[in-house]
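Okay, thanks everyone, let's get going. I'll put the structure up and then talk through how the chain packs.

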Amino acid sequence: MRVWIIFLFCLAGHVAAAPTEEKPMDEALVAEEEPAMDEELVVDEPAVEDSIILEGEEEKQVEVGSNPVQVETDDFDEAFEVEEDDVTEDPCLQHQCKKGKVCEVDDSNTPVCVCQDPSTCTTAEGVFEHVCGTDNKTYDTSCHFFAAKCALEGTKKGHKLHLDYIGPCKDIEPCLDNELTQFPLRMRDWLKNVLVTLYERDEDNNLLTEKQKVRVQKIYENEKRLKAGQHTLDLLAHDFVKNYNMYIFPVHWQFKQLDQHPADGYLTHTELAPLRAPLIPMEHCTTRFFEECDADADKYIALEEWAACFGIKEQDVDTDLLI
């Protein structure tokens, strides 16, 4: 799948070593599936060339692209289905099925969605196209994954099965308490600099709305802004305290980018997938971080919970910033 390279280069960090022996992993934030929910996210945005580092023993300079959810996210779409009334010669031309299903015409010339045969999926061209499911099984491509998920539709196993992360399944190291506290330091800095990068490269590309540009311009022009680069955790922590106001909008912006289907003020497992899937192989605290963001364990992350995870004060949580 062609967008995964963009995913991996959009996200800063060290790509972990080659997959090791697989072992069961805890399922993270398995949300209740909503069978008619439109979960298709926003479209591709051009990648940009600035670089930011997240984590790694052998740190690498990698491209920072637009927000990781601003890509072709049909690879994560678990419940997108559209039916059109205007039927052409081939009814299926105006009938879209969710991932894992294909359109066929029944005896009455009515288009219906049926589970796709995995053998019709294109074979992966490289390991970057493999995906790991929450069943800790490596699938050749996302097409193979969703075809397998469709075959389990209506079963308890199928209900719990989600695309967990990009790449073959591997042994993910446990996230220790002290490592968990470091995760939001890198994520906050990364979100801020992604926004600044989009602002610098926007021009007429409409990467940001006019209201978003006004917010980011204040960050961009602030002389005290910590520039993108390799920074110690102590410096990131100090900058968050010193320049706290610069981090409020980026945290709200990321929540809005994820909260799309539906835009209801809550993040589900599927809505988080475009951000989680590329991050997990590089940031081993990703799963635990999002699990603990769900403070009330209801399998939905509210804006207030999201902001608290990133250290934003309760009085600074503002729905007007969801622009």
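I'll start with the overall picture, then go through the cores, the aromatic rings and a few helices.

So, first thing: this is a predicted model, so please hear everything I say with that in mind. The protein chain has ten helices and nine strands. There are 323 residues, and 50% of them count as buried. The accessible surface comes to about 15800 Å², with 48% of that belonging to carbon and sulfur atoms. And if you take contacts between residues at least 6 apart in sequence, 69% join residues at least 24 apart.

Right, the cores. In soluble globular proteins, nonpolar side chains tend to be buried together. Here the largest nonpolar core has 40 residues, and the ones touching the most other members are Leu275, Phe289, Trp306, Phe310 and Ile312. Which elements give two or more residues to this core? Those would be helix 4, helix 5, helix 7, helix 8, helix 9 and helix 10. Helix 4 gives the most, with nine residues. Then there's a second, separate core of eight residues, and Tyr139, Phe145, Leu161 and Leu163 are among them.

Now the aromatics. Searching the whole structure turns up twelve aromatic pairs. One of the pairs is Phe145 with Phe146, and that one is edge-to-face, 4.9 Å centre to centre with 80 degrees between the planes. Both Phe145 and Phe146 are buried. Compare Tyr199 and Tyr220: their ring centres are 5.1 Å apart and the planes sit at 50 degrees, so that pair is tilted. It's also a pair that links distant parts of the chain, with Tyr199 in helix 4 and Tyr220 in helix 5, 21 residues apart. Tyr220 is partly exposed, by the way, at a relative accessible area of 32%. And have a look at the cluster: Phe183, Phe255, Phe289, Phe290, Trp306 and Phe310 form one aromatic cluster. You'll recognise Phe289, Trp306 and Phe310 from the list of core residues that touch the most other members.

Okay, on to individual helices, and I'll begin with helix 9, residues 286–293. Its buried residues are Thr286, Thr287, Phe289, Phe290 and Cys293. Why do I say they line one face? Because, looking down the axis of helix 9, those buried residues fall within an arc of 165 degrees. As for what covers them, that includes helix 4, helix 8, strand 9 and helix 10.

Just ahead of that, in the loop between helix 8 and helix 9, you find Glu283. Is Glu283 buried or exposed? It's buried, because its relative accessibility is 1%, and the cut-off for buried is under 20%. The Glu283 side chain makes a polar contact with the side chain of Arg186, at 2.8 Å.

Helix 5, residues 210–220, has a buried side too. Gln212, Lys213, Val216 and Ile219 are buried there. Down the axis of helix 5 the buried residues fall within an arc of 115 degrees, so again we have one face of the helix. If you want the general background, an α-helix has 3.6 residues a turn, so residues three or four places apart point the same way. The buried residues of helix 5 pack against helix 4 and helix 7. Flip to the face turned away from that buried side, and you see the exposed residues Glu210, Lys211 and Lys218.

Helix 6, residues 233–242, is next. What's buried in helix 6? Leu236, Asp239 and Phe240. They cover an arc of only 105 degrees around the axis, which puts them on the same side of helix 6. Helix 4 and helix 7 are included in what covers them. On the face of helix 6 turned away from the buried side, the exposed residues are Asp234, Val241 and Lys242.

Last stop is helix 7, and one residue in it, Asn245. Asn245 is exposed, with a relative accessible area of 63%. What I'd like you to look at is Asn245 and Ile312: they're 67 residues apart in sequence, and their C-alpha atoms are 9.3 Å apart in space. Ile312, remember, is one of the residues touching the most other members of the largest nonpolar core.

That's me done, so over to you for questions.

Methods. Residues numbered from 1 in each chain as written. Predicted model: local features only at pLDDT ≥ 70, side-chain atom pairs only at ≥ 80, totals over all residues. Heavy atoms only, no water. Buried < 20%, exposed > 50% of the residue type's maximum accessible area, 1.4 Å probe, protein only. Helix = DSSP H or I, 4+ residues; strand = E, 2+ residues; numbered from the N terminus. Arc of directions from axis to C-beta. Contact = heavy atoms within 4.5 Å. Polar contact = N/O pair within 3.5 Å; in protein donor to acceptor, adjacent residues only side chain to side chain. Areas by Shrake-Rupley, 256 points an atom, 1.4 Å probe, with all protein chains shown as cover. Core = buried A, V, L, I, M, F, W, Y, C linked by side-chain atoms within 4.5 Å. Phe/Tyr/Trp six-rings, centres within 6.5 Å; stacked < 30°, edge-to-face > 60°.
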